[in-house]
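Thank you all for coming; I would like to walk you through one structure this morning, going slowly enough that anyone new to the group can follow along. Please keep the picture open while I talk.

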Amino acid sequence: MIRHIDRVRPETLAAQALHALDAATGAVVPPIHLATTYARDADYRLVGPGYTRDENPTPGHAERVVAALEGGPEALAFASGMAAATTTFRALCKPGDHVIAPRVAYYALRNWLARWGARWGVAVDTVDTTDLAAVRAAVRPTTRLVWVETPANPTWDVTDIAAVADLAHAAGALLAVDSTCATPVHTRPLALGADLVMHAGTKYLAGHSDVLAGMLVTARDDDAWARLRELRHDEGACLAPFDAYLLLRGLRTLYVRVERASRTAHALADRLAALGVTVRYPGLPAHPQHALAARQMQRGFGGMLSIQVPDPLAVIARLRVWVPATSLGGVESLVEHRYTVEGPDTPTPPDLLRLSVGLEHEDDLFDDLRQALAP
Ligand SMILES: Cc1ncc(COP(=O)(O)O)c(C=O)c1O
């Protein structure tokens, strides 16, 4: 049972998972509904959901929490962030259409988009979405979808969501925002005019590096949303109940985790910059879109930053607290050399180290970086 509570703040919605109390027992933790199928009554009517590929109470609960936090009427949970993203392009674009995607974005999505666009006859333009003139120049009569990621992984460039939404809408296109690294704690893209928000729930929403999940939230229950719902159902890219339970559990601590990681990331950015290290972090006044970030992001600038250093792999080898691993948004701090992972075609500079700040003590993280940077 979910008792609807109005006029409470997002932290309260998240902590109580929308005030979910189990109707049968009063349990304050929602049960995991593992059933894939649900019985009909004596009149052969469904009394609950029909089949889990369509609907299941546990992912459904996670969907309602994320929709509430993003301020949209509905959300759809997916088996991964990539499943949520690729379903968006495939549901909304047909051969002959054109999409605009960011030059800097999660690299696996950029690669997939180039391959899929070529195969399906969808023209894909990758542009610097921080440059509004470049976005305006890229728009065509056939543009159906504009995709932005902000802050963008791994350079943390910030795109003006409201301005790009205006450009997309003037062209008759939709705007989808990958808000994985901003999270609803820092940015609410729907309120700024976006039509869809996407999250790799794998990262901050779940927050413990133990579940793959994706989430889409819509601004409207319209035809586009119906096509997305249909494609997820048809293909079964839905989130499994166990994973949805872990996602729900993570969502309950989202605000404290993200605010803490963000505070520590900002402090580390300041302290590293003071050592003379080249730091990319939207909270630093030297960041090229700092003024925009200050306007568009609330409660801080996120838990992700990058540094540019000579001999980055040697720096990683000397780190003792930071864990060298891919991914981000978990409780443990991770460091990654994206150039190694992405390969020579990437726009990511070879000297860049991506830092995902977790919940460890700021001084331990800083001391470890300092000794690794100046052995
Ligand atoms: C910004 C961003 N979007 C999307 C994804 C894809 O998410 P997943 O790994 O859950 O498919 C990632 C994964 O790293 C990401 O960082």
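Let me begin with a word that I shall need several times: a residue is called buried when its relative accessible area is under 20%, exposed when that value is over 50%, and partly exposed in between. I should also say at once that what you are looking at is a predicted model, so please keep that in mind throughout.

With that cut-off in hand, take Q308, which you will find in strand β9, residues 304–308. Is Q308 buried or exposed? Its relative accessible area is 17%, and because buried means under 20%, Q308 counts as buried. The side chain of Q308 has polar partners, for it makes a polar contact with the side chain of R280 at 2.8 Å, and it makes another with the side chain of D351 at 2.9 Å.

For contrast, please turn to E230, which belongs to helix α8, residues 223–235. E230 has a relative accessibility of 49%, and so it counts as partly exposed, since exposed would require a value over 50%. If you go from E230 to A27, you cross 203 residues in sequence, and the two C-alpha atoms are 33 Å apart in space.

Two further buried residues are worth locating while we are on this topic. N56 sits in the loop between α1 (10–15) and α2 (57–70), and it is buried, with a relative accessible area of 3%. Between N56 and I32 there are 9.6 Å from C-alpha to C-alpha, with a separation of 24 residues in sequence. H199, in turn, lies in strand β6 and is buried as well, at a relative accessible area of 1%. The C-alpha atom of H199 is 13 Å from that of A105, although 94 residues separate them along the chain.

Let us move on to the ligand. Which residues come nearest to the ligand? Of the 15 residues around it, the nearest are G81, M82, D178, T202 and K203. Two of these also place a polar side-chain atom beside the ligand: in T202 such an atom lies 2.5 Å from a ligand oxygen, while in D178 one lies 2.7 Å from a ligand nitrogen. N153 takes part too, with an N or O atom of its side chain 3.2 Å from an oxygen atom of the ligand. As for how much of the ligand is covered, taken alone it exposes 390 Å², and the protein buries 92% of that area. Helix α3 (81–92) and strand β6 (196–200) are the elements that give two or more residues to this shell. Sorted by class, the shell is made of seven nonpolar, five polar and three charged residues.

Now I would like to look at the backbone, and here a general remark helps. Most residues other than glycine have a negative phi, and most peptide bonds are trans. Where, then, is a cis peptide bond found in this model? One joins T150 and P151, with an omega of about -10 degrees, and P151 is in the loop between β4 (143–149) and α6 (161–170). Another cis peptide bond joins N153 and P154, with omega about 5 degrees, and P154 is also in the loop between β4 and α6.

The loop between β4 and α6 contains W156 too, and the phi of W156 is near 65 degrees, a positive value in a residue that is not glycine. W156 is buried, with a relative accessible area of 0%. A positive phi occurs at S327 as well, where the value is near 85 degrees; S327 is in the loop between β10 (323–324) and β11 (334–336).

My last topic is the space enclosed inside the protein. How many cavities of 30 Å³ or more are there? The count comes to three, and the largest cavity holds about 60 Å³ of space. Among the residues that line this largest cavity are P102, R103, V104, E149, A152 and D157. The lining as a whole has four nonpolar, three polar and four charged residues.

If you take one region away with you, I suggest the loop between β4 and α6, where you can find P151, P154 and W156. Thank you, and I am happy to go back to any part of the picture.

Conventions:
Residues numbered from 1 in each chain as written. Predicted model: local features only at pLDDT ≥ 70, side-chain atom pairs only at ≥ 80, totals over all residues. Heavy atoms only, no water. Near = heavy atom within 4 Å. Polar contact = N/O pair within 3.5 Å; in protein donor to acceptor, adjacent residues only side chain to side chain. Areas by Shrake-Rupley, 256 points an atom, 1.4 Å probe, with all protein chains shown as cover. Helix = DSSP H or I, 4+ residues; strand = E, 2+ residues; numbered from the N terminus. Nonpolar A, V, L, I, M, F, W, Y, C, P; charged D, E, K, R; others polar. Buried < 20%, exposed > 50% of the residue type's maximum accessible area, 1.4 Å probe, protein only. 1 Å grid on protein atoms, 1.4 Å probe; cavity = no way out; pocket = protein on both sides within 12 Å on 5 of 7 lines; lining within 4 Å. Points joined across faces, edges and corners; volume = space filled by probe spheres on them.
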